[in-house]
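Visitor: Hi, I've got a structure to look at and could use a hand. Can you walk me through it?
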Amino acid sequence: MAGRLMASRIGHIGRGISEASPYGKRMDRLSNRIFGEVVRQTDIKSHKVIRVMSAEPLEQREDKGVGYFPNQPMFHYLTKMLRLHGLFFDSHVVFRQLQDELKIMRGKVVRPAIGQGKRALLRGKK
């Protein structure tokens, strides 16, 4: 008699979880939420969103981390020094210098000090 009771208890343990009852559905959703799976079944298009959101962030990836990008101030300083010594030619910087010289020849201010630009002059006229 004891054997039959034990077998019947084992059969009743998982009965409510996998059935389509409201309790079973809630238990399935809870277990999916606990173990980081998709809580509700979705279509294939939504799985792409789930895959993207569950992926590791780009900031934490080794190939796309902070070390991926060059040190901008250092490269700017190096190219400036190489230009100064004549070892590097930057046509855009030469063009800007030429435009600045032409502005100065016309009597224009190339880069006014902070608070002395066009808007500050208009504000002062009022």
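Guide: Sure, one term up front: a salt bridge here is a side-chain nitrogen of Lys or Arg within 4 Å of a carboxyl oxygen of Asp or Glu. As for the source, this is a predicted model, where local features need pLDDT of at least 70, side-chain atom pairs count only at pLDDT 80 or more, and totals for chains, interfaces and linings use all residues. Residues are numbered from 1 along each chain as its sequence is written, and side-chain values use heavy atoms, with hydrogens and water left out.

Visitor: OK, how many salt bridges by that rule?
Guide: The count is 1. Asp100 pairs with Arg111, and their closest N and O atoms are 3.1 Å apart.

Visitor: Where do those two sit?
Guide: Asp100 is in helix 6 (residues 91–105) and Arg111 is in the loop between helix 6 and helix 7 (118–125), so the pair ties together parts that are 11 residues apart in sequence. Helices (H or I, at least four residues) and strands (E, at least two) are DSSP runs, numbered from the N terminus.

Visitor: Is Asp100 buried or exposed?
Guide: Asp100 counts as buried, with 18% relative accessibility. Arg111, at 58%, counts as exposed. The cut-offs: buried is under 20% relative accessible area, exposed is over 50%, and partly exposed is in between (1.4 Å probe, protein chains only).

Visitor: And what's the secondary structure overall?
Guide: The protein has 7 helices and 0 strands. Of its 126 residues, 5% count as buried.

Visitor: How much accessible surface is that?
Guide: About 12,200 Å², and 62% of it belongs to carbon and sulfur atoms. That's Shrake-Rupley with a 1.4 Å probe; for residues, only the protein chains shown count as cover.

Visitor: Switching topic, which residues make the positive patch?
Guide: Lys25, Arg29, Arg33 and Arg40. Patch residues have over 30% relative accessible area and no salt bridge; like charges are joined within 9 Å, nonpolar side chains (Val, Leu, Ile, Met, Phe, Trp, Tyr) within 5 Å. Lys and Arg count as positive, Asp and Glu as negative, with His and the chain ends not counted. Each charge is placed at NZ of Lys, CZ of Arg, CG of Asp or CD of Glu.

Visitor: Where's Lys25, then?
Guide: Lys25 is in helix 3, and it's partly exposed at 45% relative accessibility.

Visitor: Which residues form the nonpolar patch?
Guide: Met74, Phe75, Tyr77 and Leu78, with about 400 Å² of accessible area together. Met74 belongs to helix 5 (residues 72–85).
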